[in-house]
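Please find below a note on the structure under review, set out as numbered points. It is intended to be read alongside the coordinates.

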Amino acid sequence: MNRSLNAYRGCEHGCVYCDGNSEYYHVDNFYSRIQVKENAAQVLRKELKKIGFTSRSELETETLWKFLDDEDAKRIAEKVPRKIVIGVCGGVSDGFQQAEQVHKVTYRILESLLDYGLPVFILTKSTLVLEYLDLLKEINERAFANVVFTITCADDSVQSVFEPKAASTSERFDALKEIRKAGLFGGVMATPIIPTIGDNVENMTSLVKKTKATGGEFIQFGGMTLKPGRQKEYFMRVIKRRYQENYDLIERIYENNNTYGQPIWKRLPVNVMVMGHHLCKQHGVRDRSVRHKIPYEYESNNRVLAVLLDIVFRMNMFFGMSRSATKPYWELAARIERGVDELAKLRSEGELEERLMINDTMGETVNEILDSGTCRVLENLETRIDTMANMEIDSDIRTSPDEFV
Ligand code: SF4
């Protein structure tokens, strides 16, 4: 995803852990006072035009269009500038929440993105997205549509405590099945996994298995942040009422009151990223979102990008490496993202290192990826994560979290 937008401010789904409820975002009455961005689609069109995109509807009304061969005209129009993936919702509001049934702002945004032939990424907890399936299929034909469901609790009764007005877990998995059957991309974002409640093998294994059974391309696990103030106070009130036995431990995990809501890592009973990686491997499911080829992008460029982004993700999320440590990889990814010639062709012409401005070591990595779709750097990281997972499984930390407090 290169850019994202929200059709609404505030969200009726009422998730107890919602980050959007925090004062940090300056939205009062987050769950009950929904602000509707009625003109979002018009603003989007204006912005896209400003950066050089032309919509199909505009092209079709231009005189020049009539004199061009149809295919040539479309190719010219769709190539410049380079396509970007737009994230529709999934920030601090759900674009398919109840208000969408009345206001249809997300629908109009999607119509505009279809007109501009841009790929779409959707993150939601609602099955309303299925009502837009025809539109999404059209987007998928012109670019691609990737529909990802946030699902964190396998059991509907637990889920209903923490996400009271969202679709149930079962409904979301059923919707994912429909999405995949319709030929769209799709997967599961299992974030946030609530410490001491969702981070058990039973819950996580069930999520992995259901993702596989419904044809999801991946399931990506992640932990929970709890910003001090409104978000934390509300969450802890619910825990006290519904999961009293977990209250003290959760309180101790977040007692640092970190501005960004980060927990005290060593007090977490389970490293959900590592455990998720292990379970995914066990059940043959990918543990990280997939980078899909953007329209008109070269296949070899996408292949290299996908691996570079995987490397950065693993370095950051599993090993907490600094931005400077991962710089060679994200910098190269950004360069390729901005648009370079076909990497496979550059290599055959002996210009790969020079055109990408990379040293021999990085050149070797890119060559490995071009040959095999992976590289030693990524494989070494995977091996280290496997070792971490084995250590985690061998220890008793999942059954005796108090030792770590
Ligand atoms: S769906 Fe997302 S934005 Fe809406 S309340 Fe839940 S966590 Fe917050």
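The points below move from the overall fold to individual residues.

1. Overall dimensions. The model is predicted, and its chain carries 19 helices and 8 strands. Its radius of gyration is 23 Å, which agrees with the value near 22 Å for a compact globule of 405 residues. Along the principal axes, the C-alpha atoms occupy a box of roughly 75 × 55 × 40 Å.

2. Burial and contacts. Of the 405 residues, 40% are buried. Among contacts with a separation of 6 or more, 77% join residues that lie 24 or more positions apart.

3. Ligand surroundings. Which residues are found around the ligand? From the N-terminal part of the numbering come Cys-11, His-13, Gly-14, Cys-15, Cys-18 and Gly-20. Val-92, Ser-93, Asp-94, Lys-125 and Ala-166 complete the list. By class, the shell holds 5 nonpolar, 4 polar and 2 charged residues.

4. Principal core. The largest nonpolar core comprises 80 residues, and those with the most contacts inside it are Ile-109, Leu-113, Val-120, Ile-122 and Val-188. Helix H13 (residues 272-283) provides the largest share of this core, with 6 residues. A separate, second core has 18 residues, including Leu-308, Val-312, Tyr-329 and Leu-378. Such grouping may be read against a general tendency: in soluble globular proteins, nonpolar side chains tend to be buried together.

5. Val-188. Leaving aside residues up to four places away in sequence, Val-188 touches Val-148, Phe-149, Ile-151 and Leu-176, as well as Leu-207, Thr-211, Gly-216 and Ile-219.

6. Helix H14. Helix H14 covers residues 299-319, and its end C-alpha atoms are 30 Å apart; this agrees with the 30 Å expected because 21 residues are counted at 1.5 Å a residue. Its buried residues include Leu-308 and Val-312, both of which belong to the second core. Charged side chains also appear on the buried list of H14, among them Arg-303, Asp-310 and Arg-314. Gly-320 follows the helix and has a positive phi, near 55°.

7. Thr-387. Is this residue, placed in helix H19 (residues 376-394), buried or exposed? Thr-387 counts as exposed, because 11 C-beta neighbours lie inside 10 Å and the limit for that class is 12 or fewer. The C-alpha atom of Thr-387 is separated by 9.7 Å from that of Val-274, although their positions lie 113 residues apart along the chain.

8. Loop between S7 and H10. Two backbone features merit inspection here. The peptide bond from Thr-191 to Pro-192 is cis, with omega near 5°, and Pro-192 lies in the loop between strand S7 (185-190) and helix H10 (201-213). Thr-196 is found in that loop too. Although Thr-196 is not a glycine, its phi is positive, about 75°. With 19 other C-beta atoms within 10 Å, Thr-196 is partly exposed, since a buried residue needs 20 or more.

9. Lys-104. Lys-104 is likewise not a glycine and has a positive phi, of about 55°. Its place is in the loop between helix H5 (98-103) and helix H6 (105-115). Lys-104 is partly exposed, because 16 other C-beta atoms lie within 10 Å.

10. Context for the backbone features. Most residues other than glycine have a negative phi, and most peptide bonds are trans. Against that background, the author may wish to comment on the positive phi of Lys-104, the positive phi of Thr-196 and the cis bond before Pro-192.

How values were computed
Residues are numbered from 1 along each chain as its sequence is written. This is a predicted model: local features need pLDDT of at least 70, side-chain atom pairs count only at pLDDT 80 or more; totals for chains, interfaces and linings use all residues. Helices (H or I, at least four residues) and strands (E, at least two) are DSSP runs, numbered from the N terminus. The radius of gyration is taken over C-alpha atoms; the globule rule is 2.2 Å times the number of residues to the power 0.38. Two residues are in contact if their C-beta atoms, placed from the backbone, lie within 7 Å. A residue is near a molecule or strand if its C-beta atom, placed from the backbone, lies within 6 Å of it. The expected span of a helix is 1.5 Å times one less than its number of residues. A nonpolar core is a set of buried Ala, Val, Leu, Ile, Met, Phe, Trp, Tyr and Cys residues joined through C-beta atoms within 7 Å.
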